[in-house]
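Visitor: I should like to understand the terms used for this structure. Would you explain them with reference to the model itself?

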Amino acid sequence: MPGREVLPSTLRRSPEKAQRTWERTHDSAVETYGEGERAHRTAFAAVKHEFEKVGDHWEPKGRKGPSDRQAAGGGPARRAPTAGGVDANATKDHLLAVARKLDVPGRSRMTKPELVKAIEKANDNATRKARGGR
C-alpha cells in the first residue's frame with residue numbers, strides 16, 4: 001500500500017518534508033521487505049533522524065542524527081528501548097524547552113532521563129487527544 005495511504009496521523013499534522021521522508025522510505029521498504037511492521041519501523045527511523053515528536057506532531061530537530069540508543073545502534077539484533085520520537089540525544093536545555101512547550105509539570109527539577117520520559121508521556125497524551133481519545 002502506498003505510503004500516502006497509510007501515513008500515520010502524527011505525520012499528517014507535521015511538515016510536508018516529514019511526510020515525504022516517511023512516504024518515500026516506507027515505499028522503498030515495502031519493495032525490500034514487503035508491507036508490514038518492518039516497513040513502518042524503517043520509515044519512522046528515517047523520520048526520527050531529522051525530526052522529533054513534540055506533542056501530536058513532528059518538528060525538525062536542530063541537527064540530523066540518531067535520536068536515541070536504539071537509533072544509534074540499529075539493526076534487529078540490538079534491541080534497546082526507544083524514546084518514542086523524543087530526541088533523547090538532545091541537550092538538557094533543549095529537552096527543557098520542549099517540556100515547557102508541552103507544559104510538563106515539575107520539569108525544572110527533572111534529570112535528563114526523567115525529561116525524556118515525561119516528554120514521551122506528554123506526546124502520547126497529546127496524540128491520544130488529537131485522535132479523539134481521552
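Guide: The discussion begins with two helices and then turns to a strand. This is a predicted model, in which local features need pLDDT of at least 70, side-chain atom pairs count only at pLDDT 80 or more, and totals for chains, interfaces and linings use all residues. Residues are numbered from 1 along each chain as its sequence is written, and side-chain values use heavy atoms, with hydrogens and water left out.

Visitor: Why are H5 and H6 called roughly parallel to each other?

Guide: Helix H5 (residues 92–101) and helix H6 (residues 112–130) pack at an angle of about 30°, with their axes 10 Å apart. Angles run from 0 to 180 degrees between N-to-C directions, and axes are lines fitted to C-alpha atoms, for helices over the stretch in contact. Angles under 35 degrees count as roughly parallel, over 145 as roughly antiparallel, 65 to 115 as roughly perpendicular and the rest as oblique. H5 and H6 are therefore roughly parallel.

Visitor: Which residues of H5 and H6 meet?

Guide: Lys92, Leu95, Leu96, Val98 and Ala99 of H5 meet Lys112, Leu115, Val116 and Ile119 of H6, where contact means heavy atoms within 4.5 Å. Seven residues of this contact are nonpolar, none polar and two charged.

Visitor: What makes the pair Glu59 and His57 a polar contact?

Guide: Their side chains are joined at 2.8 Å. A polar contact is a pair of N or O atoms within 3.5 Å; within protein, one must be able to donate a hydrogen and the other to accept it, and residues adjacent in sequence count only if both atoms are side-chain atoms. Glu59 lies in strand S2 (residues 57–60).

Note on methods: Helices (H or I, at least four residues) and strands (E, at least two) are DSSP runs, numbered from the N terminus. Ala, Val, Leu, Ile, Met, Phe, Trp, Tyr, Cys and Pro count as nonpolar, Asp, Glu, Lys and Arg as charged, and the others, Gly among them, as polar.
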